[in-house]
Amino acid sequence: MDGAPPADHADEPSTTPHAAREQHGQDAPPGFVPRMRPEDVAAVEAVLGYEFSDKSLVEQALTHGSFYYPYRPGETYERLEYLGDGVLTCLMSREVFRTYRTLPPGPLTRLRAANVDKEKLSRVAVVRGLHRFLRHKAPQLDGQIDVFIEEMCKYPVHSNGLLDPPKVLSDIVESLIGAIYFDSNFNQEEVWRVFRNLADPLISLETLGKHPVSELFEFCQKTRRGVKIVKDEWDKNLKVEVLIDGELVGSATYAQKKEIAQNRAAKAALDKLKETLRQPRTESALVEVSQPLDELYLSETANFH
C-alpha cells in the first residue's frame, strides 16, 4: 500500500535498522529498563478508583512493546489486553441486555460495540488522562495521540467511523481492566464498577449515532436514488468516491485505512444530499447536486492532519 503505514502499526518503531530489528529478540542484550514510579502507580489507581494488591500489574498494563528497545523485550500489556477485551465484551453485553428488555439483537449489538470499540475506549483513555502514563518509545505515537485529541472535540459522543485513533489508547484501557479483573480474583462486579465510572456517560439508545455508510444507503433507498461507492483505486490514489445516480457527489482521501476514507466520503455525500433537500427544488439546485464540488473533497494527509 502506498502512503504511510496503517495507524494501528504506526506506533511501532519505524526507524529501527534492519540488523538491529533482528537482534531485538532473545539475543538482544539485557538492559536497564526503568520501573514505573510509585507516585505514578498511585496516580493511575486514583484515576481508576481501584487499589491494586499487585502493583506490578499497573506497570505491565501500561507498557508498550517499544518501551524495551533496544534491549531484550520484557512483559507488555498484550496478555492483560486480551483478558480485558473479553471481560468488557461480556459485561457490556449484560448491561445492554438488562437495560433494554425488548430490544432485538441487532440494536443490542450496535449498542455494545459503540461502548467498547476502539474509539470509545480511546476517548476514555484521553478524557481520564491514562495516556499520560503510557510507557513507550514509538517515534510517532505522541503526535498521533495529539491529533486524535484535537479531532475528537468535533464529535462530542462518537464519530461513528470518521476518526481513526491510535489503537494503543484503547489497548491500555482494556489492559487496565484486565489487570483489575486478575488482581480482584476475577471479580466481575468490581470490574464493572470501575469501567462504569471510567466510561461515563455510556452511549445509550438515544445517543447512539448511525454509521455514515448505512445511513447513506438508507437515505438513498427512501429517496429512490442509486448509490455506488467506488474504492477500487484507493490502493493507487488513496481516494474513495461516492456516486449518486452515476454522478460524483462526495469523495475523501485517507492514507492509513480504506474504511475511514469510505466513511468520510459517505458522510460528505450524505451531508450534500440533505442540504439539497432543504433547498428549493429548482433546476439549478438539482444540477448542483450532481456536480463534484470542492468542499465535498475531504483531504487527509498520511499523518492524519
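**Phe-67 and Tyr-68**

I started with Phe-67 and Tyr-68, and found both of them buried. This is a predicted model, so everything I note here is computed from its coordinates. Searching the whole structure for aromatic pairs gave me five. Phe-67 and Tyr-68 form one of them, an edge-to-face pair with 6.2 Å from centre to centre and 75° between the planes.

**Just along the chain: Pro-70 and Thr-76**

I then walked on to the loop between helix 3 and helix 4, where Pro-70 has its place. The peptide bond leading from Tyr-69 into Pro-70 is cis, and I read omega near 5°.

Thr-76 sits in the loop between helix 3 (56–61) and helix 4 too. Is Thr-76 buried or exposed? Its relative accessibility is 18%, so I put it down as buried, the cut-off being under 20%. Next I listed what Thr-76 contacts, leaving aside neighbours within four places in sequence: Gln-60, Thr-63, His-64, Gly-65 and Tyr-68. Tyr-68 was a welcome name to meet again, as the ring partner of Phe-67.

**Helix 4 against helix 9**

How do the axes of helix 4 and helix 9 cross? I took helix 4 as residues 78–99 and helix 9 as residues 188–198; their axes come within 11 Å and cross at roughly 80°. Helix 4 is therefore roughly perpendicular to helix 9.

I wrote out both sides of this contact for the bench copy:

- Helix 4 brings Val-87, Leu-88, Cys-90, Leu-91, Met-92, Arg-94 and Glu-95.
- Helix 9 brings Gln-188, Glu-189, Val-191, Trp-192 and Phe-195.

Sorted by class, I get eight nonpolar residues, one polar and three charged.

**Rings in helix 9, and a cluster before it**

Two names from that contact, Trp-192 and Phe-195, deserved a second look. Both lie in helix 9, three residues apart, which is about one turn of the helix. Their ring centres are 6.1 Å apart and their planes meet at 45°, so I logged the pair as tilted. Trp-192 counts as buried at 11% relative accessibility. Phe-195 is buried as well, with a relative accessible area of 0%.

I also came across a cluster of rings: Tyr-181, Phe-182 and Phe-186 are linked by ring pairs.

**Backbone oddities**

Which residues other than glycine did I find with positive phi? Asn-160 is one of them, with phi near 55°, and it sits in the loop between helix 7 (141–152) and helix 8 (167–183). Asn-185 is another, with a phi of about 60°. I placed Asn-185 in the loop between helix 8 and helix 9. Asn-185 counts as exposed, at 63% relative accessibility.

Past helix 9 I noted another cis peptide bond, joining Asp-200 and Pro-201, with omega about 0°. Pro-201 belongs to the loop between helix 9 and helix 10 (212–222).

**Helix 5 and helix 6**

Going back along the chain, I checked helix 5 (residues 105–116) with helix 6 (residues 118–127). Their axes come within 4 Å and cross at roughly 35°. Which residues make the contact? From helix 5 there are Ala-114, Asn-115 and Val-116, and from helix 6 there are Lys-118, Lys-120 and Leu-121. By class I have three nonpolar, one polar and two charged residues.

**Lys-231**

Lys-231 is in the loop between strand 1 (227–230) and helix 11 (234–237). With a relative accessible area of 32%, Lys-231 is partly exposed. What does Lys-231 touch, not counting residues up to four places away in sequence? I found Val-240, Lys-258 and Gln-262. I looked up the distance to Gln-262 too: Lys-231 and Gln-262 are 31 residues apart in sequence, yet 7.5 Å apart in space, C-alpha to C-alpha.

**Whole chain, to close the page**

I left the totals for last. The protein chain has 13 helices and four strands. Of its 305 residues, 46% are buried. The accessible surface comes to about 16000 Å², and carbon and sulfur atoms account for 51% of that. Taking contacts between residues at least 6 apart in sequence, I find that 69% join residues at least 24 apart.

Conventions: Residues are numbered from 1 along each chain as its sequence is written. This is a predicted model: local features need pLDDT of at least 70, side-chain atom pairs count only at pLDDT 80 or more; totals for chains, interfaces and linings use all residues. Side-chain values use heavy atoms; hydrogens and water are left out. Buried means under 20% relative accessible area, exposed over 50%, partly exposed in between (1.4 Å probe, protein chains only). Contact means heavy atoms within 4.5 Å. Accessible areas come from the Shrake-Rupley method with a 1.4 Å probe; for residues, only the protein chains shown count as cover. Axes are lines fitted to C-alpha atoms, for helices over the stretch in contact, and angles run from 0 to 180 degrees between N-to-C directions. Angles under 35 degrees count as roughly parallel, over 145 as roughly antiparallel, 65 to 115 as roughly perpendicular and the rest as oblique. Ala, Val, Leu, Ile, Met, Phe, Trp, Tyr, Cys and Pro count as nonpolar, Asp, Glu, Lys and Arg as charged, and the others, Gly among them, as polar. Rings of Phe, Tyr and Trp (its six-membered ring) pair if their centres lie within 6.5 Å; planes under 30 degrees apart count as stacked, over 60 as edge-to-face and the rest as tilted.
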